[in-house]
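This report describes a single protein chain, moving from its overall build to selected helices, a cavity and a few individual residues. The sequence and the structure are shown first.

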Amino acid sequence: MSTAVAGRLLRELFEVRRLHPGAAPCPDPASDCCVRAHLPVVLPPVADGRPVTCVLPAFPAKSPSPRKVLGPHPDLAEEQGLRFLHQLCLRLGEVHPPGVRVVICSDGRVFSDVVGVSDEDVETYRGELEAMISRLGLHTLSVFCLEDALPGLSYDRMREVLARDHAEPLGAVRTRVLTDPESKLLFNGIHRFLTEDRAAVEPLRSRSWLRRDCKDRAYRLIQRSAAWGGLVAERFPGAVRLSIHPQAPHAPKIGVLLSDQPRESWLTPWHSVCVRTGDGYRFLHRHDAEALGARLVLADGRPSHYDLRRSAPDTPAAAVSAPGGNP
């Protein structure tokens, strides 16, 4: 009975699973080998009648690029992403009545110095994210940050201790990127994102300089992210490990979507704006939303999202300048 429930829970979770674009098909779908690969983690809490805990490194802080986002604060993009996760937990809870919860392991503090976001903006983002979860009544979600794991230390010291206790040498990261196709895909995506963000913040730099600079940053970001993953695994033993990045079918982590967008989309709430269309919401970079003629919508006097519907409020996108508070 418990095995059947755990299997149904995993199949429901797989409905929002993100797989590597080049991932080979499951060798024997009829035998449920994808389900069996993840049963060892899901089955114990199901058999014991306990809530299933998932950990998801995500929602670090807004991108520093004014071409991508409206500013350093969480907005409707984050709200849509959080609601999506909450609804997923509710659906999974119908399969497993004790419930499913997601601990959002907000990793902005882990690599803020690498991506060019101030620790002050990370602190503001985390506080407003938690307030949003509370205001919307998303009781299946909670937030865990580096300062929760290493309280009482300066931010720089937190990162030093994390690296000391959990990070592998950068040389090992580089070797893996060069030899492992999945690691190479991850590196390429992160390198592209970092280069885009730095180009918007430092427009006078040459493209070749930006690519060289961001190559080193990408290696360090992967190193820090893996260290954070190690700390999270240590703090949440037995939790289902989720990821915003596509994964192989039987990898230890399960890649998940944060919206109803196409599975191949790399856009996240913190790298984009939310755009309301005639049939729902979608994530776009800010400059793309404005190029489509989308109208800006304010909430409590603050930029919230864009609207592409003909009946959208008549607020020109140009009314908002480059995001304040970003480097």
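The protein contains 11 helices and nine strands. Its radius of gyration is 20 Å, close to the 20 Å that the globule rule gives for 327 residues, so the protein is as compact as a globular protein of that length. The model is a predicted one, and everything that follows should be read in that light. Taken along the principal axes, the C-alpha atoms fill a box of roughly 60 × 50 × 45 Å, and 51% of the 327 residues count as buried. Among the contacts with a separation of 6 or more, 72% are accounted for by residues that stand 24 or more positions apart.

**Helix 1 and its surroundings**

Helix 1 is formed by residues 2–14, and the distance from the first C-alpha to the last of these 13 residues is 18 Å, close to the 18 Å expected at 1.5 Å a residue. Its buried residues are V5, A6, G7, L9, L10, L13 and F14. An α-helix has 3.6 residues a turn, so residues three or four places apart point the same way. The buried residues of helix 1 pack against both helices and strands, namely helix 2 (33–48) and helix 3 (76–95) on the one hand, and strand 1 (52–57), strand 2 (100–105), strand 4 (240–243) and strand 5 (254–255) on the other.

F14 lies in helix 1, and with a relative accessible area of 14% this residue is buried, the cut-off being under 20%. Although F14 and G255 are 241 residues apart along the chain, their C-alpha atoms are separated by 8.9 Å.

**Helix 9, helix 10 and their contacts**

For the 21 residues of helix 9, a rise of 1.5 Å a residue should give a span of 30 Å, and this agrees with the 30 Å between its end C-alpha atoms. The buried residues of this helix are S183, F187, G189, I190, H191, F193, L194, T195, D197 and R198, and what covers them includes helix 4 (108–115), helix 8 (170–179) and helix 10.

A200 belongs to helix 9, which runs over residues 181–201. When neighbours within four places in sequence are left aside, A200 is in contact with S65, P66 and R67. The C-alpha atoms of A200 and P64 are 8.3 Å apart in space, with these positions 136 residues apart in sequence.

R207 has its place in helix 10 and, at 48% relative accessibility, counts as partly exposed. Residues up to four places away in sequence not being counted, R207 touches T195 and A199. R207 and T53, by contrast, are 43 Å apart in space, C-alpha to C-alpha, and 154 residues apart in sequence.

The three residue pairs for which a C-alpha distance has been given are collected here.

| Pair | Separation in sequence | C-alpha to C-alpha distance |
|---|---|---|
| F14 and G255 | 241 residues | 8.9 Å |
| A200 and P64 | 136 residues | 8.3 Å |
| R207 and T53 | 154 residues | 43 Å |

**Internal space**

Rolling a probe the size of a water molecule over the atoms shows where empty space is left. The count of cavities of 30 Å³ or more comes to two, and the second largest cavity holds about 40 Å³ of space. Which residues line the second largest cavity? They are V55, P57, G229, V232, R241, L242 and K253, and by class this lining has four nonpolar, one polar and two charged residues. Strand 1, helix 10 (207–235) and strand 4 each supply at least two residues of the lining.

**Two residues with positive phi**

Most residues other than glycine have a negative phi, and most peptide bonds are trans. F59, found in the loop between strand 1 and helix 3, has a phi near 50°, a positive value in a residue other than glycine. D300, in the loop between strand 8 (295–299) and strand 9 (302–307), likewise has a positive phi, of about 55°, although it is not a glycine.

Is each of these residues buried or exposed? F59 is buried, with a relative accessible area of 0%, whereas D300 is exposed, with a relative accessible area of 86%.

Definitions and conventions. Residues are numbered from 1 along each chain as its sequence is written. This is a predicted model: local features need pLDDT of at least 70, side-chain atom pairs count only at pLDDT 80 or more; totals for chains, interfaces and linings use all residues. Side-chain values use heavy atoms; hydrogens and water are left out. Helices (H or I, at least four residues) and strands (E, at least two) are DSSP runs, numbered from the N terminus. The expected span of a helix is 1.5 Å times one less than its number of residues. Buried means under 20% relative accessible area, exposed over 50%, partly exposed in between (1.4 Å probe, protein chains only). Contact means heavy atoms within 4.5 Å. On a 1 Å grid over the protein atoms alone, a cavity is a set of points where a 1.4 Å probe fits but cannot get out, and a pocket is an open set with protein on both sides within 12 Å along at least five of seven lines; lining residues have an atom within 4 Å of a point. Grid points are joined across faces, edges and corners, and a volume is the space filled by probe spheres set on the points. Ala, Val, Leu, Ile, Met, Phe, Trp, Tyr, Cys and Pro count as nonpolar, Asp, Glu, Lys and Arg as charged, and the others, Gly among them, as polar. The radius of gyration is taken over C-alpha atoms; the globule rule is 2.2 Å times the number of residues to the power 0.38.
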